[in-house]
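Me: I have a structure open here and have not looked at it before. Can you take me through it?

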Amino acid sequence: MRCWWIWLGGLGLAACQLDSSGVGSSGGSLVEENDDPAGDETSADPADPADGSAGLGGQAQLSLSTDLYRFDRLLPGEEAHATLTVRNMGEAEASGLTGSPLPAPFGYTGGRFPGTAGDCAPSLPAGASCTVEVFFGPTAAGNFEAPLRITHDDGPEATGTLEGQAGESDNLLVNPGGEDLGSPPPGWMVTGPGTWVAGDPFDVPDPLEGSSYLGANEGPNDQIFRLRQDVAVDRWAALIDQGIVRVRFEGHARSYQEGDDDYRLTVQYIDGDEAFGNWNSDWQTSTSWQFYSDDRIVPAGTRTVRVLLSCNKGRGEICDAFFDQLSLRVTAP
């Protein structure tokens, strides 16, 4: 707006003229005119503001509920599913909604977008959301990654990444080194006479790893103390019965000093009361930390792998058997 002063009969009046070239629009922001004729006047294109912050206007804008979805670690031959949410954050309907093809071992459940349990339709209204179901089904060991893109006919697409690992399981034992303290040790069951402890109640021996170990403790003489943990492996039943699943057990153990109590590590393959095989270290008397391991095909029919820690108590107050850094992992080709 430009104004001039006009003097009439000693009175000063303001006359103003509206200059429409002085007002612009970009995402609701106001662009002011430069009134200095000598200045470097610039004008903003409403469709392309200088700061690059143009809004979507009437476009649809898609987003995914996560930028990265990481599946749990699987064995080859297993399959896991996930449901992700797609949202339309724009001001217009997203038409022609679809998902980009996913490379194996990923895919849409049922073989096509949006997956068996997904409910995304070909169009998604502004402000609405829908779901898409994807799966991870590795047939070999390795680390896998794939881009997930949800597109529509016009405007920004939604992008994310799927990740998965296959090969060897995580350690299936709970509290494998006694780091969770207590008597009886959390995650374990005492199945005989005597007590067991997770911790470091004595000056010696020092734990092999961390600040604690699993140790037999007080109880009657001439008895075998046992500490047990049962690990369910029925999720791999089909693969086990095909004879292609292996179990690798590893652990460390020791006694206290020469002539003290014997110890033993045992792994049993069972289903309820039925036994299909076992491994044990035989009775040992080492006075320093020793490594023990076994790697074998899981016998068909196995649904539980039982780990037993044993101490054969002779004389004295404590049954001197100590266990640390235990692990139980399953693998498949």
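Me: What does the secondary structure of the protein chain come to?
Reply: One helix and 24 strands. Helices (H or I, at least four residues) and strands (E, at least two) are DSSP runs, numbered from the N terminus. The model is predicted: local features need pLDDT of at least 70, side-chain atom pairs count only at pLDDT 80 or more, and totals for chains, interfaces and linings use all residues. Residues are numbered from 1 along each chain as its sequence is written, and side-chain values use heavy atoms, with hydrogens and water left out.

Me: How many residues are in the chain, and what share is buried?
Reply: The protein chain has 333 residues, and 40% of them are buried. Buried means under 20% relative accessible area, exposed over 50%, and partly exposed in between (1.4 Å probe, protein chains only).

Me: Ok, sheets. Which strands form the open one, and in what order?
Reply: The order is E6-E14-E13-E9, four strands with mixed pairing. Two strands pair if DSSP finds at least two bridges between them. Strand E6 (68-70) and strand E9 (98-99) are the edges, each pairing on one side only.

Me: How do E6 and E14 run, parallel or antiparallel?
Reply: Parallel, with three bridges joining E6 to strand E14 (residues 158-166). Leu 68 stands opposite Thr 161 in E14.

Me: Why does Tyr 69 count as partly exposed?
Reply: Because its relative accessibility is 28%. Tyr 69 lies in strand E6. Beyond its neighbours within four places in sequence, Tyr 69 is in contact (heavy atoms within 4.5 Å) with Ala 82, Leu 84, Thr 161, Leu 162 and Glu 163.

Me: Switching to E16. Which residues point which way?
Reply: Trp 196 and Ala 198 point one way, Val 197 and Gly 199 the other, and all are buried. Four bridges join E16 to strand E17 (residues 213-216), and the two run antiparallel. Trp 196 stands opposite Ala 216 in E17.

Me: And Asp 261, where is that found?
Reply: In the loop between strand E19 (246-254) and strand E20 (262-271).

Me: Which side chain of opposite charge is nearest to Asp 261?
Reply: Lys 313, 6.1 Å away; Asp 261 is buried yet has no salt bridge. A salt bridge is a side-chain nitrogen of Lys or Arg within 4 Å of a carboxyl oxygen of Asp or Glu.

Me: What lies 2.7 Å from a polar atom of its side chain?
Reply: The backbone nitrogen of Asp 320. Asp 261 also touches other residues beyond four places away in sequence, including Ser 255, Gln 284 and Cys 311.

Definitions and conventions
Lys and Arg count as positive and Asp and Glu as negative; His and the chain ends are not counted. A polar contact is a pair of N or O atoms within 3.5 Å; within protein, one must be able to donate a hydrogen and the other to accept it, and residues adjacent in sequence count only if both atoms are side-chain atoms.
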